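User: Could you walk me through this structure, one question at a time? I would like to hear the reasoning along with each answer.

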Amino acid sequence: MIEYLYDAIRAAAGDDITITAEITNDEGEELKEACHLMLYGIDKESLITTVNGEYFEEDSEWRFTIPGEVTKGLSGRYWYCICYHDVSLCFKEPIYLV
């Protein structure tokens with residue numbers, strides 16, 4: 001189970017979680033390489049994992065899959081951000097694991 005509410009996500013801990021995103025640069029051009037998602041702990045500072053994305057040309061979207069074993073046993077509000085190379089493209093956004 002995964003639900004989106006704007007940039008907040010609610011997902012089942014212990015299941016594979018696939019997050020999708022359309023990613024563009026400041027000129028509106030699609031970024032098609034070198035994007036990854038970073039998952040942080042409750043404190044917003046401790047990095048839990050980094051997941052490389054996969055770009056799907058036919059859908060013009062990125063897919064980031066967090067393996068279920070990474071979130072198994074977790075519960076509450078955690079944080080994620082999407083990056084291009086080593087540059088964060090957004091502020092850390094909440095992901096609620098239930």
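User: Happy to start with the ground rules. What kind of model is this, and how are residues numbered?

Analyst: Residues are numbered from 1 along each chain as its sequence is written, and side-chain values use heavy atoms, with hydrogens and water left out. Local features need pLDDT of at least 70 and side-chain atom pairs count only at pLDDT 80 or more, while totals for chains, interfaces and linings use all residues, since this is a predicted model.

User: Thanks! How many salt bridges does a search of the whole structure find?

Analyst: Side chains of opposite charge can pair when their charged atoms come close. The criterion here is a side-chain nitrogen of Lys or Arg within 4 Å of a carboxyl oxygen of Asp or Glu. Searching the whole structure with it, the number of salt bridges found is three.

User: Which residue forms a salt bridge with E57, and what parts does the pair tie together?

Analyst: The closest N and O atoms of this salt bridge are 3.1 Å apart. E57 sits in the loop between β6 (54-56) and β7 (61-66), and its partner in the loop between β3 (17-21) and β4 (35-40), so the pair ties together parts that are 25 residues apart in sequence. Strands here are DSSP runs (E, at least two residues) and helices are runs of H or I with at least four, numbered from the N terminus. The partner of E57 is K32.

User: Are E57 and K32 buried or exposed?

Analyst: Buried means under 20% relative accessible area and exposed over 50%, with partly exposed in between (1.4 Å probe, protein chains only). E57 has 48% relative accessibility, and K32 has a relative accessible area of 45%. Both values fall in the middle class, so E57 and K32 are partly exposed.

User: Which residues do salt bridges with shared partners join into one network?

Analyst: R63 pairs with D59, their closest N and O atoms being 2.6 Å apart. R63 also forms a salt bridge with E61, at 2.8 Å between the closest N and O atoms. The network is therefore made through shared partners, and its members are D59, E61 and R63.

User: Within that group, which residue counts as buried?

Analyst: D59 is partly exposed at 36% relative accessibility, and R63 is partly exposed at 24%. A relative accessible area of 17% makes the remaining member buried, and that residue is E61.

User: What surrounds E61, leaving aside its neighbours within four places in sequence?

Analyst: E61 is found in strand β7. Its side chain makes a polar contact with the side chain of R63 at 2.8 Å; such a contact is a pair of N or O atoms within 3.5 Å, where within protein one must be able to donate a hydrogen and the other to accept it, and residues adjacent in sequence count only if both atoms are side-chain atoms. Contact in general means heavy atoms within 4.5 Å. By that rule, with those sequence neighbours left aside, E61 is in contact with T20, A21, E22, E54, Y55 and F56.

User: On to the interior: which residues touch the most other members of the largest nonpolar core?

Analyst: A nonpolar core is a set of buried Ala, Val, Leu, Ile, Met, Phe, Trp, Tyr and Cys residues joined through side-chain atoms within 4.5 Å. The largest one has 20 residues, and β2 (8-11), β3, β4, β7, β8 (76-84) and β10 (93-97) each give two or more residues to it. Apart from it lies another core of five residues, including M38 and W79. In the largest core, the residues that touch the most other members are I19, I23, L37, F64, I66 and I95.

User: Where does H36 lie, and which backbone oxygen is 3.5 Å from a polar atom of its side chain?

Analyst: H36 lies in strand β4 and is buried, with a relative accessible area of 12%. Not counting residues up to four places away in sequence, H36 touches T50, V51, N52, G53, F64, C81, I82, C83 and H85. The backbone oxygen lying 3.5 Å from a polar atom of the H36 side chain belongs to H85.

User: What is notable about the phi of H85?

Analyst: Most residues other than glycine have a negative phi, and most peptide bonds are trans. H85, in the loop between β8 and β9 (87-88), is partly exposed, with a relative accessible area of 43%. Its phi is positive although H85 is a residue other than glycine, with a value near 55°.
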